[in-house]
Amino acid sequence: MVGNLYLSDEYSTAAKKTTAKKTVKAAKLKKKAQTVKKAVKVTKAQGKVTYKKVKKGSTAKLYKKVTVNSKTGAIKIKKGKLAKKTYKLVISVKAAGNANYKAKTVKTTVKINTFNIICSL
C-alpha cells in the first residue's frame with residue numbers, strides 16, 4: 001500500500017490515498033542494491049517538493065543502509081545482507097509553496113521487510 005500525503009487547502013500539498021505493492025527480495029539485495037520508486041506519491045504540490053530520511057523513528061540498521069533521492073523520493077537500499085524482519089524508515093516530504101500557498105513539511109513512515117514494502121501514514 002502506498003500512503004500519500006494529505007494537507008488542507010491553505011498549504012501547498014494535497015494528495016489522495018492509493019494502493020500499490022513494491023517487492024524487494026533478500027536474495028537480490030545480497031548481490032546488488034535495490035531501488036524502490038514512488039514509495040510516496042505527492043500530487044497538486046505548489047513549489048518544489050523535496051524528500052529526505054529522518055533518523056528519529058527509523059530503524060537504526062536500515063537508516064544506515066538507505067538513501068533517499070531528494071528530488072524523486074526514490075528509496076535505494078544498499079547491497080548487503082538484511083535480516084528477515086520489518087524495518088521502519090521515516091521520510092520527510094516538503095513542498096516549498098509559493099506566493100499563494102505556505103510551505104509545508106509532512107513525515108511519513110515506510111515499513112520495509114525483505115519481501116514487500118508497505119507505506120503508511
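Q: What makes the approach of the Ser58 side chain to the backbone nitrogen of Val90 a polar contact?
A: The side chain of Ser58 reaches the backbone nitrogen of Val90 at 2.9 Å, and a polar contact is a pair of N or O atoms within 3.5 Å, where within protein one must be able to donate a hydrogen and the other to accept it, and residues adjacent in sequence count only if both atoms are side-chain atoms. This is a predicted model, in which local features need pLDDT of at least 70, side-chain atom pairs count only at pLDDT 80 or more, and totals for chains, interfaces and linings use all residues. Residues are numbered from 1 along each chain as its sequence is written, and side-chain values use heavy atoms, with hydrogens and water left out.

Q: Why is Ser58 called buried?
A: Ser58 has 14% relative accessibility and therefore counts as buried, a word that means under 20% relative accessible area, with exposed over 50% and partly exposed in between (1.4 Å probe, protein chains only).

Q: Which residues is Ser58 in contact with, leaving aside its neighbours within four places in sequence?
A: Contact means heavy atoms within 4.5 Å, and on that basis Ser58 is in contact with Tyr63, Lys88, Leu89 and Val90, once its neighbours within four places in sequence are left aside.

Q: Why does Lys65 count as buried?
A: Lys65 counts as buried because its relative accessibility is 14%. Leaving aside neighbours within four places in sequence, Lys65 is in contact with several residues, among them Ile77, Gly80 and Leu82; the C-alpha atoms of Lys65 and Leu82 are separated by 9.2 Å.
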